[in-house]
Amino acid sequence: MLVNLSNKRILLGISGGIAAYKSADLVRRLRDAGAEVRVVMTAAACQFITPLTLQALSGHPVHTELLDPEAEAGMGHIELARWADLVLVAPASADVIARLAAGLANDLLTTLWLACPGIKVIAPAMNQQMWVSSPTRENVECLLGRGVVVLGPASGSQACGDVGAGRMLEAVELARHCAGLFATGSLAGRRVVITAGPTREPIDPVRYVSNHSSGKMGYALAQACVEAGARVTLISGPVHLPTPERVQRINVGSALEMLSVAESAVSDGCDIFIATAAVADYRPVSVAEHKIKKTGDALTIELVRNPDIVATVASRPDRPFVVGFAAETRQVEEYAKGKLRDKRLDMIACNDVSRADIGFQSDDNAMVVFWDGGSQRLDKAPKTLIARELVSLIARQINPSL
Ligand code: C5P
């Protein structure tokens with residue numbers, strides 16, 4: 001994806017860890033994407049990489065001291081905190097994460113973090129055992145609870161010889177995720193209708209046919225669309241998720257119910273329709289009035305095809321911009337493009353569900369998005385971040401000047 005950070009001001013905080021060497025590349029990536037970057041380093045970070053390197057790459061003096069009269073005479077620390085649209089601590093060591101969680105302001109970086117009203121992001125990097133330790137887990141949970149965005153860490157071999165989670169994400173990925181966090185406003189005033197979760201097709205009063213959809217992707221998209229300024233109606237099958245703030249949620253059960261609610265929501269006014277729901281393809285021909293008794297060794301339930309909700313919306317004369325999802329285990333591109341055409345979609349986001357680490361119940365996802373004349377791979381990331389990136393892609397299709 002073209003990473004766009006033009007006019008964005010990023011304060012990069014570097015703490016002490018071997019991954020600090022990647023921060024030099026990160027400064028380049030952020031600046032290449034159009035951001036203005038100022039760097040602040042902890043004392044420990046200066047043991048791993050010199051401020052001079054970061055100064056040369058960022059084009060600005062590097063801030064290291066809280067009580068530095070010379071630096072305060074230039075851009076004082078409170079001014080610097082206010083200047084930043086986003087503060088990114090990369091690498092974020094276990095120590096700095098603990099200090100941020102505790103709300104300490106015992107050096108320049110932690111002070112700036114406290115004083116910064118902008119978006120707050122950490123990219124943890126540490127030994128895998130430190131990452132899974134209870135104190136670190138609790139500190140990260142605490143930061144997440146305050147709305148901090150946590151990027152990574154990735155798994156793999158570590159500088160200390162261990163293998164596991166704790167590697168800082170690559171600079172290019174960090175730059176991409178930061179750009180996704182600025183997608184706000186790109187859907188200002190747009191009306192979005194999203195289907196999410198599974199459907200339940202009743203067999204009798206106590207049984208149904210359904211699937212394992214968690215609804216997480218649809219809910220993350222609803223949240224991302226609201227953040228981007230849209231008015232969102234979320235038509236949801238049964239899931240165990242809280243309704244994102246400022247989203248109008250309508251609960252449904254069966255596919256027929258979902259279709260009927262979707263049609264009326266689109267008739268009420270809809271600019272973008274996003275179909276993330278895992279709609280049951282078939283429903284029992286008839287619903288037994290009473291609970292079916294076990295009488296024989298076998299039971300046959302006749303099923304009939306459900307209507308295709310997204311295709312129905314896409315075939316309306318007043319069709320909105322229509323986005324579908326596809327879960328494939330093979331020939332991902334071929335099947336996705338086929339669905340784009342057959343269902344008359346404007347865009348399709350395709351997951352490879354043969355991968356164990358992403359998909360239905362997972363908090364992470366990875367996908368390839370196709371539209372007429374283009375495609376974009378979105379690498380594995382939390383569904384919340386993938387959702388923001390997808391919203392950016394949708395916004396750019398609707399308004400190419402973005
Ligand atoms: O054909 P398939 O089920 O793979 O297509 C998936 C896409 O179509 C998803 O966007 C899903 O929400 C949508 N769909 C639908 N109604 C159906 C079946 C699928 O809206 N009955």
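A polar contact here is a pair of N or O atoms within 3.5 Å. I keep that cut-off in mind for the ligand entries. The model I am reading is predicted.

**Entry 1: ligand contacts**

I started with I309. A backbone N or O atom of I309 sits 2.9 Å from a nitrogen atom of the ligand. That pair falls within the 3.5 Å cut-off, so I log a polar contact.

Next I checked A277. Its backbone also takes part: an N or O atom there is 2.7 Å from a ligand oxygen atom.

Then I looked at K343. Here a polar side-chain atom lies 2.9 Å from an oxygen atom of the ligand. How much of the ligand does the protein bury? Alone, the ligand exposes 440 Å², and the protein buries 85% of that.

**Entry 2: residues around the ligand**

I listed the surroundings. A275, A277 and V279 are among them. So are P307, D308, I309 and V310. I also noted G324, F325, K339 and K343 around the ligand.

**Entry 3: second largest pocket**

I turned to the second largest pocket. Its volume is about 810 Å³. I found 35 residues in its lining. Which of them lie nearest the centre? They are T276, A277, A278, V279 and F325. I had already met A277, V279 and F325 around the ligand.

I then traced the elements behind this lining. Strand 8 (191-196), helix 11, helix 13 (309-314) and strand 16 (321-328) each supply at least two residues. Strand 16 gives the largest share, four residues. By class, I noted 15 nonpolar, 13 polar and seven charged residues in the lining of the second largest pocket.

**Entry 4: largest pocket**

I moved on to the largest pocket. About 1,300 Å³ of space lies in it. Its lining has 37 residues, and the closest to the centre are L144, D363, P382, K383 and T384.

Several elements give two or more residues to this lining. Among the helices I noted helix 9 (134-145), helix 10 (171-180), helix 11 (216-227) and helix 15 (383-398). The strands are strand 5 (149-150), strand 6 (154-157) and strand 19 (374-382).

Which element gives the most? Helix 11 does, with six residues. I had also logged helix 11 in the lining of the second largest pocket.

I sorted the lining of the largest pocket by class. It divides into 20 nonpolar, seven polar and ten charged residues. Last, I checked the domains. Domain 1 (9-181) and domain 2 (191-398) each give at least three residues to the lining of the largest pocket.

Conventions. Residues are numbered from 1 along each chain as its sequence is written. This is a predicted model: local features need pLDDT of at least 70, side-chain atom pairs count only at pLDDT 80 or more; totals for chains, interfaces and linings use all residues. Side-chain values use heavy atoms; hydrogens and water are left out. On a 1 Å grid over the protein atoms alone, a cavity is a set of points where a 1.4 Å probe fits but cannot get out, and a pocket is an open set with protein on both sides within 12 Å along at least five of seven lines; lining residues have an atom within 4 Å of a point. Grid points are joined across faces, edges and corners, and a volume is the space filled by probe spheres set on the points. Ala, Val, Leu, Ile, Met, Phe, Trp, Tyr, Cys and Pro count as nonpolar, Asp, Glu, Lys and Arg as charged, and the others, Gly among them, as polar. Domain bounds come from an automatic or database domain assignment. A residue is near a molecule or strand if one of its heavy atoms lies within 4 Å of it. A polar contact is a pair of N or O atoms within 3.5 Å; within protein, one must be able to donate a hydrogen and the other to accept it, and residues adjacent in sequence count only if both atoms are side-chain atoms. Accessible areas come from the Shrake-Rupley method with a 1.4 Å probe; for residues, only the protein chains shown count as cover.
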